[in-house]
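User: I would like to learn how to read the features of this model, one at a time. Please give the general idea first and then the case here.

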There are 2 protein chains.
Amino acid sequence: MATMTAAQRRDQARAEYDAFLKGCPTNQLLARISDKWVSLVVSALAERPMRYSDIGRKIAGVSPKMLTQTLRSLERDGIVSRTVTPSVPVRVDYELTPLGVNLSRLLMAVKDWAELHIEEVFEAREQYDASVS
Amino acid sequence: MATMTAAQRRDQARAEYDAFLKGCPTNQLLARISDKWVSLVVSALAERPMRYSDIGRKIAGVSPKMLTQTLRSLERDGIVSRTVTPSVPVRVDYELTPLGVNLSRLLMAVKDWAELHIEEVFEAREQYDASVS
């Protein structure tokens with residue numbers, strides 16, 4: 001059997017799955033990865049593997065509860081792997097899986113977009129607010 | 001003054017803005033665009049300009065309230081433009097601005113990612129659930 005090209009795999013995935021449809025599992029996966037904390041955690045781990053406390057320091061403003069939930073769902077979805085070293089105290093490291101590295105390229109591009117285009121967004125907001133007041 | 005290259009603009013934006021910081025306006029912008037409804041609305045409008053009711057039909061499951069809020073915030077941020085034609089009934093069209101077209105390439109890539117990799121995510125979930133039970 002011939003191996004499918006990337007374009008063929010994409011066409012096939014598009015035929016089978018449609019994130020526009022509420023009942024499609026890709027709709028829930030899109031909701032999961034379209035999330036500020038996912039974006040920041042995946043972007044942080046794209047730099048290097050990190051311990052839990054490193055991630056918490058890198059992402060100011062994330063609560064321990066939200067960080068734990070986000071990491072657990074990323075681990076369950078195969079985007080992040082978790083390694084426990086039975087030292088005293090126990091050491092827990094997180095790193096992106098190959099699937100996570102693949103996703104991180106996209107999410108970092110969205111994060112970069114926000115940083116690159118914030119001033120255009122500021123200008124648009126000023127114009128909008130002036131036009132409605 | 002020499003025009004900055006794309007790489008120089010990116011470096012400058014990185015020096016001035018950091019979406020990892022809670023107080024940085026890019027952190028709020030990232031939260032805004034890391035949103036399932038934003039992702040779906042922007043991906044829908046990337047196909048063609050649409051009326052309000054077209055968008056509602058394309059994105060099954062979006063409530064009128066959520067769709068109105070999402071479109072208004074995208075309009076305020078300069079990502080979507082809204083054209084009112086004073087016919088009877090009034091006709092309202094939405095389309096991506098050039099800034100919105102630019103963002104849509106990234107958000108469509110995230111949506112495509114969900115459709116392309118859902119089966120790997122399913123496998124990861126099965127393994128995870130088996131390992132913790």
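The dialogue below goes from confidence and fold to the sheet and the pairing of the chains.

User: What should be settled before reading any feature?

Analyst: This is a predicted model: local features need pLDDT of at least 70, side-chain atom pairs count only at pLDDT 80 or more, and totals for chains, interfaces and linings use all residues. Residues are numbered from 1 along each chain as its sequence is written, while chains are lettered from A and ligands numbered from 1 in the order in which they are written.

User: What is the mean pLDDT of chain A, and which of its elements has the lowest mean?

Analyst: pLDDT is the predictor's confidence in each residue, from 0 to 100. Chain A has a mean of 92, with 98% of its residues at 70 or more. By element, the lowest mean in chain A is 76, for helix α1 (residues 6-16), and the highest is 97, for α5(A). For the model, ipTM is 0.88 and pTM is 0.88.

User: How many helices and strands are there in chain A?

Analyst: Elements here are DSSP runs, numbered from the N terminus: helices are H or I with at least four residues, strands are E with at least two. Chain A has 6 helices and 3 strands, in the sequence pattern α-α-α-β-α-α-β-β-α. The radius of gyration (over C-alpha atoms) is compared with a globule rule of 2.2 Å times the number of residues to the power 0.38. For chain A the radius is 19 Å, well over the 14 Å that the rule gives for 133 residues, so the chain is more spread out than a compact globule. Its C-alpha trace spans about 60 × 50 × 25 Å along the principal axes.

User: In what order do the strands of the chain A sheet lie?

Analyst: Strands of a sheet pair through backbone hydrogen bonds, either parallel or antiparallel. Two strands count as paired if DSSP finds at least two bridges between them. In chain A, 3 strands make an open sheet in the order β1-β3-β2, with antiparallel pairing. β1 (50-51) and β2 (80-85) of chain A are the edge strands, each pairing on one side only. Between β1(A) and β3 (residues 91-96) of chain A there are 2 bridges, in the antiparallel sense; Arg51(A) has Asp93(A) as its bridge partner in β3(A).

User: Which helices pack on that sheet?

Analyst: Contact means that two C-beta atoms, placed from the backbone, lie within 7 Å. Axes are lines fitted to C-alpha atoms, for helices over the stretch in contact, and angles between N-to-C directions run from 0 to 180 degrees. Helix α3 (residues 36-47) of chain A touches β1, β2 and β3 of chain A, and its direction makes about 95° with that of β3(A). Helix α5 (residues 64-76) of chain A touches β2 and β3 of chain A, at about 110° to the direction of β2(A).

User: How many bridges join β2(A) to β3(A), and what lies in the loop between them?

Analyst: The two strands run antiparallel and are joined by 6 bridges, with Thr85(A) paired to Arg91(A) in β3(A). A hairpin of 5 residues connects β2(A) to β3(A). Pro89(A) lies in that loop, and the peptide bond between Val88(A) and Pro89(A) is cis, with omega about -5°. A cis peptide bond also joins Val88(B) and Pro89(B), again with omega about -5°.

User: What turn lays chain B on chain A?

Analyst: Two copies of a chain are related by a rotation about an axis and a shift along it. Superposition is by least squares on the C-alpha atoms of residues with pLDDT of at least 70 in both copies. Here a turn of 180° and a shift of 0.0 Å along the axis lay chain B on chain A with an RMSD of 0.0 Å. The two copies are thus related as by a two-fold rotation axis. In chain B, the C-alpha nearest the axis belongs to Ser34(B), 2.3 Å from it.

User: How many residues does each chain give to the contact?

Analyst: Chain B gives 46 residues and chain A gives 46 residues. On the side of chain B that touches chain A, the largest share is 18 residues, from α6(B). By class that side has 25 nonpolar, 6 polar and 15 charged residues. Nonpolar covers Ala, Val, Leu, Ile, Met, Phe, Trp, Tyr, Cys and Pro; charged covers Asp, Glu, Lys and Arg; the others, Gly among them, are polar. 100% of the interface residues of chain B are also interface residues in chain A, so the copies meet through the same surface.
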